[in-house]
Amino acid sequence: MTAAFDLDSLVTRSENGARRFEAAIDGMTCAACIGEIEHGLSDLPGLAHARVNYGNRRLALEWRGDAFDLAAAFERLRRMGYTLHPFELADSEREEIETSRFLLRCLAIAGFAAMNIMLLSVGVWVGGDIDPATRDLFHGVSALIALPAAAFAGQPFFKSAFGALRAGRLNMDVPISLGVLLALGMSVYETLTHAEHAYFDSATMLLSFLLLGRFLDHAMRRKTRAVAANLAALRAPLACRLSRDGAETLVPLAKILPGDIVRVKPGERLPVDGVIETGASQLDESLITGETKRRAVLPGDQVYAGSMNYDGGLTIRVEAGNGETLLDDIERLLEKATNARSRYRRLADRVSRLYAPMVHLAALSTALFWMWRGASLHDALITAICVLIITCPCALALAVPAVQVVAGGALFRAGVLLNSADAIERLAEVDTIVFDKTGTLTTPEPRVVNLGDIDPGVIELAARLARASSHPLARAVAQERPRASALEAREDHGQGVCAMVAGVEARLGSSHFCGLDEEAARLDALDGDVSLVAFRHGDAHALFQIRQVLRSDAVETIAALKKRGVAIEILSGDRVEAVEKIALALDVSTWSGALKPAGKVARLDALRAEGRKVLMVGDGLNDAPALASAYVSISPIDATQITQAAADAVFLGERLAPVLTALEVARKARALMRENLALSVIYNVLAVPLAMAGLLTPLIAAAAMSGSSILVTLNALRAGGDRARLSSPDAPPLHLSPALREREQGAASGEARETVTRLEAAE
């Protein structure tokens with residue numbers, strides 16, 4: 001039976017009748033998948049556009065009218081080997097997008113105004129004995145351009161400054177706003193009194209550079225926040241609800257209520273917490289517990305959202321739906337931990353916290369000094385404006401964001417996406433890395449480990465059959481021939497798939513389904529950690545041995561990290577013997593297995609107490625609290641996406657090298673940030689005394705300010721140099737912590753204890 005779709009609440013409609021649907025998409029392995037997906041959907045009736053964003057793994061569909069069938073797109077992509085996970089765009093993300101667009105509009109208006117006013121100003125500067133009437137005309141036209149432009153483009157600073165003053169405090173936007181307003185006000189006065197100089201160019205130039213810094217900083221903050229918003233890949237936001245007459249309807253998770261009955265097919269993640277009503281299966285709960293062995297479940301067993309259903313179909317009576325599941329509890333725990341971690345003071349914030357009062361004091365002292373020396377109010381104000389302009393934090397505002405954006409681009413090219421604006425600064429301080437095992441040091445998906453023993457023709461045919469199956473183990477076979485086309489096959493859920501090939505039936509599935517029980521029993525006796533997928537086509541047969549394997553460069557990356565003096569530990573919820581094998585393969589002496597989530601958090605707390613700056617690298621739901629509480633964290637993007645909400649960065653691809661690259665680029669970026677801040681300070685030390693002495697005009701002050709901004713921007717470009725290499729000069733290793741011992745795992749905070757208890761109960 002095919003379930004109907006009820007996705008109206010997730011389709012957005014514009015006033016002109018166009019409809020839009022966005023979804024996270026699983027299964028993309030490289031940029032070539034973009035063309036494959038877009039081309040594969042292009043011939044669907046009624047579809048106007050299909051666009052894939054590889055950076056945030058989203059697919060956007062646009063159409064008009066009722067000719068387009070969304071269910072057909074789902075099915076087409078499933079047959080191509082991809083899975084869609086619809087979601088609603090969060091209000092916070094909409095606000096981020098709107099803020100970014102607003103800042104860009106402000107920057108465009110300020111830049112346009114500054115360029116045009118500068119053209120008029122050049123005419124005044126080089127005009128020699130320019131006619132006073134012409135000069136007044138140029139000043140008047142400059143005023144007509146500058147005043148409305150500044151009123152609009154200055155909103156980010158004016159609103160912030162007003163809010164700070166209303167709250168009885170000062171921030172960096174107060175002197176900025178004061179300098180701009182005084183420069184504009186004095187320029188209007190000079191224009192009306194037919195004076196020789198006006199400073200509209202200084203004010204608009206000032207706004208342009210400040211807005212550039214503000215826009216770059218905001219762009220860095222939301223660079224990959226859209227990736228973290230794809231929690232749908234784990235949440236399974238659609239659930240197949242059964243009505244009393246047995247009809248199946250796919251509905252958004254928000255419409256699922258306690259007491260509802262939902263059906264979960266093999267190969268699907270459980271969307272809710274509940275109790276099994278009918279069916280039996282094997283569940284992969286490694287996202288929850290870290291344990292790679294599957295759990296057999298029967299009617300009456302408690303199950304949790306996020307678990308992967310392997311073998312049989314299940315019907316589940318819902319106990320906790322949208323907002324109340326274990327995943328939601330974890331997300332609330334992550335939010336609390338992330339908010340606690342946000343107390344980390346960014347480098348630029350530490351430098352600038354005394355900036356505003358010092359600037360105000362310097363400008364006020366300058367005005368009072370010159371009035372005491374007998375200068376007119378006009379001349380004293382001009383000198384004070386010079387001080388405000390030359391100390392406006394353009395260089396300071398660009399010092400860190402410019403480096404962040406350049407370094408962020410270098411990291412993106414290396415496969416690392418930043419979720420946190422201050423992640424680079426914290427990554428640069430790391431001296432200890434704690435790795436999870438399953439899906440982090442090992443590949444996210446199990447792999448076939450005996451391909452060399454199987455005929456290539458058998459592999460090709462088995463991969464074509466596997467693409468027609470929804471079983472998770474079938475994906476391991478299918479990915480060995482990613483371009484193989486799917487066969488028209490019949491699937492027997494819980495057993496396998498079969499199809500007629502050259503007049504002979506081909507089967508892929510369980511050993512019993514393919515008649516290979518005896519051979520499978522012998523392999524099970526030799527290695528109980530291997531999962532088997534059987535294949536038979538006439539006389540040809542094979543047993544695909546599937547297990548999780550180390551990432552291809554894990555050994556080299558761990559060795560390179562050690563050479564850089566970084567201590568390495570492995571903390572895993574998997575069985576002790578499984579963790580020990582990985583630790584021996586990687587030559588890691590400090591490790592622990594069978595850890596519950598509270599145990600990982602407790603170990604991180606212990607390392608923090610020793611003064612360590614710990615990078616946590618993990619992928620599972622059971623890693624999420626540790627990721628959120630670590631000093632800094634990274635998660636693989638193609639594993640569990642809920643961890644991305646807690647992680648400061650995510651890395652793409654199968655290799656582990658991006659973790660090393662992140663440290664190298666971060667250390668270089670931090671050095672450049674400090675250089676930029678030093679340049680900003682040196683600039684102020686040299687320029688401010690000249691302004692206070694009355695030796696500068698507002699125009700010269702604005703030019704000097706712009707020069708310092710250009711200088712720090714050029715220096716920031718050095719952050720995008722050569723990519724980090726896996727080799728480096730030998731460095732003395734840090735002292736490794738003593739071997740971890742089994743301990744009571746009840747050290748979680750009181751507020752998190754109930755959530756952790758539910759995680760442990762899931763084992």
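At 8% relative accessibility, Glu-248 counts as buried, because the cut-off for buried is under 20% relative accessible area. This glutamate belongs to a predicted model, and the model holds 19 salt bridges. Glu-248 takes part in one of them, with Arg-263 as its partner. The points below cover that pair, two further pairs, a network of salt bridges and a contact of two helices.

**Arg-263 and Glu-248**

- The closest N and O atoms of Arg-263 and Glu-248 are 2.7 Å apart.
- Arg-263 sits in strand S9 (residues 261-264) and Glu-248 in strand S8 (residues 248-252), so their salt bridge ties together parts that are 15 residues apart in sequence.
- Arg-263 has a relative accessible area of 30% and is partly exposed, whereas Glu-248 is buried.

**Glu-460 and Arg-481**

- A salt bridge joins Glu-460 to Arg-481, and their closest N and O atoms are 3.6 Å apart.
- Glu-460 is part of helix H18 (residues 456-466), while Arg-481 lies in the loop between helix H19 (472-478) and strand S19 (490-492), so the pair ties together parts that are 21 residues apart in sequence.
- Glu-460 is partly exposed, at a relative accessible area of 33%.
- Arg-481 is also partly exposed, and its relative accessible area is 25%.

**Arg-603 and Glu-569**

- Arg-603 forms a salt bridge with Glu-569, and 2.7 Å separates the closest N and O atoms.
- The pair ties together parts that are 34 residues apart in sequence, because Arg-603 lies in helix H23 (residues 597-609) and Glu-569 in strand S24 (residues 567-571).
- Arg-603 and Glu-569 are both buried.

**A network of salt bridges**

- Lys-437, Asp-574, Arg-575 and Glu-577 are joined into one network by salt bridges that share partners.
- In general, side chains of opposite charge can pair when their charged atoms come close.

**Helices H21 and H26**

- Helix H21 (residues 554-563) and helix H26 (residues 657-692) have axes that come within 8 Å and cross at roughly 25°.
- H21 is therefore roughly parallel to H26, as angles under 35 degrees count as roughly parallel.
- On the H21 side, the contact involves Thr-557, Ala-560 and Leu-561; on the H26 side, Ala-657, Leu-660 and Leu-663.
- Of the residues in the contact of H21 with H26, five are nonpolar, one is polar and none is charged.

Key. Residues numbered from 1 in each chain as written. Predicted model: local features only at pLDDT ≥ 70, side-chain atom pairs only at ≥ 80, totals over all residues. Heavy atoms only, no water. Salt bridge = Lys/Arg side-chain N within 4 Å of Asp/Glu carboxyl O. Helix = DSSP H or I, 4+ residues; strand = E, 2+ residues; numbered from the N terminus. Buried < 20%, exposed > 50% of the residue type's maximum accessible area, 1.4 Å probe, protein only. Axes fitted to C-alpha atoms, helices over the stretch in contact; angles between N-to-C directions. Parallel < 35°, antiparallel > 145°, perpendicular 65-115°, else oblique. Contact = heavy atoms within 4.5 Å. Nonpolar A, V, L, I, M, F, W, Y, C, P; charged D, E, K, R; others polar.
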